[in-house]
Amino acid sequence: MPMMGEKELPEFYLRQDDLPEMLQWEVGGSYYLVMKVEMTEMEKKANLKSKLDKSKMEAKFQVHSIRALGNKPVDATTLEKKDFEDTVAKVKSGEY
């Protein structure tokens with residue numbers, strides 16, 4: 001599982017209908033997605049076994065749209081700051 005510091009990141013699943021581009025992708029490749037989501041719930045995880053986790057919050061999201069940024073595997077160094085800023089502008093304008 002990918003990690004952010006010492007924390008394991010969540011995984012999620014998409015269907016072919018959700019993201020048709022995945023059929024052209026390589027298993028093990030890394031890709032960038034743009035997702036528009038709505039947070040629909042938030043709750044305190046008081047029922048978790050670990051005392052450290054009881055104060056943690058968990059949120060549920062409804063996906064409204066998913067777009068792929070390109071169709072080839074990329075890594076973080078591939079996207080220069082200017083490219084990323086251009087992409088953010090396109091997403092905010094609704095172009096993606």
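**Entry 1: the nonpolar patch**

I began with the surface of this predicted model. I found a nonpolar surface patch of about 750 Å², made by Phe12, Met35, Val37, Met39, Met42, Met57, Phe61 and Val63. I then asked which elements give two or more residues to this patch. They are strand S3, covering residues 33–44, and strand S4, covering residues 57–68. Strand S3 gives the most to the patch, with four residues.

I chose one member of the patch, Met39, for a further look. Met39 is found in strand S3. Is Met39 buried or exposed? I recorded a relative accessible area of 44% for Met39, so this residue is classed as partly exposed. The class follows because partly exposed residues fall between the 20% limit for buried and the 50% limit for exposed.

**Entry 2: the chain as a whole**

I next looked up the secondary structure. The chain has one helix and four strands. Read along the sequence, the order is β-β-β-β-α, which places the helix after the four strands.

How much of the chain is buried? Of the 96 residues in the chain, 9% are buried. The chain exposes about 8500 Å², and carbon and sulfur atoms supply 52% of that area.

I also looked up the contacts between residues at least 6 apart in sequence. Among these contacts, 51% join residues that are at least 24 apart.

**Entry 3: the largest pocket**

I turned to the largest pocket and noted a volume of about 820 Å³. How many residues line the largest pocket? The lining consists of 22 residues, and those nearest the centre of the pocket are Pro10, Glu11, Phe12, Tyr13 and Leu33. I noticed that Phe12 appears here and also in the nonpolar patch of my opening entry.

Strands S3 and S4 each supply at least two residues of the pocket lining. Strand S3 gives the most, with three residues. Strand S3 also gives the most to the nonpolar patch.

**Entry 4: the salt bridges**

Side chains of opposite charge can pair when their charged atoms come close. I therefore searched for such pairs, and the whole structure holds two salt bridges.

One salt bridge joins Asp18 and Arg15, whose closest N and O atoms are 3.0 Å apart. I compared the exposure class of each partner. Asp18 has a relative accessible area of 24% and is partly exposed. Arg15, at 59% relative accessibility, counts as exposed.

The other salt bridge joins Glu41 and Lys60, and here the closest N and O atoms are 3.8 Å apart. What does this pair tie together? Glu41 lies in strand S3 and Lys60 in strand S4, so the pair ties together parts that are 19 residues apart in sequence. Both partners are partly exposed: Glu41 has a relative accessible area of 42%, and Lys60 has one of 47%.

**Entry 5: around Glu41**

I closed with the surroundings of Glu41, a residue of strand S3. Which residues does Glu41 contact, once its neighbours within four places in sequence are left aside? I found contacts with Glu58, Ala59 and Lys60. Lys60 is also the salt-bridge partner of Glu41.

I looked up one further distance from Glu41, to Phe61. These two residues are 20 apart in sequence, and their C-alpha atoms are 7.2 Å apart in space. Phe61 is one of the residues that make the nonpolar patch with which I began.

Technical notes
Residues are numbered from 1 along each chain as its sequence is written. This is a predicted model: local features need pLDDT of at least 70, side-chain atom pairs count only at pLDDT 80 or more; totals for chains, interfaces and linings use all residues. Side-chain values use heavy atoms; hydrogens and water are left out. Patches are made of residues with over 30% relative accessible area and no salt bridge: like charges are joined within 9 Å, nonpolar side chains (Val, Leu, Ile, Met, Phe, Trp, Tyr) within 5 Å. Accessible areas come from the Shrake-Rupley method with a 1.4 Å probe; for residues, only the protein chains shown count as cover. A salt bridge is a side-chain nitrogen of Lys or Arg within 4 Å of a carboxyl oxygen of Asp or Glu. Buried means under 20% relative accessible area, exposed over 50%, partly exposed in between (1.4 Å probe, protein chains only). Contact means heavy atoms within 4.5 Å. On a 1 Å grid over the protein atoms alone, a cavity is a set of points where a 1.4 Å probe fits but cannot get out, and a pocket is an open set with protein on both sides within 12 Å along at least five of seven lines; lining residues have an atom within 4 Å of a point. Grid points are joined across faces, edges and corners, and a volume is the space filled by probe spheres set on the points.
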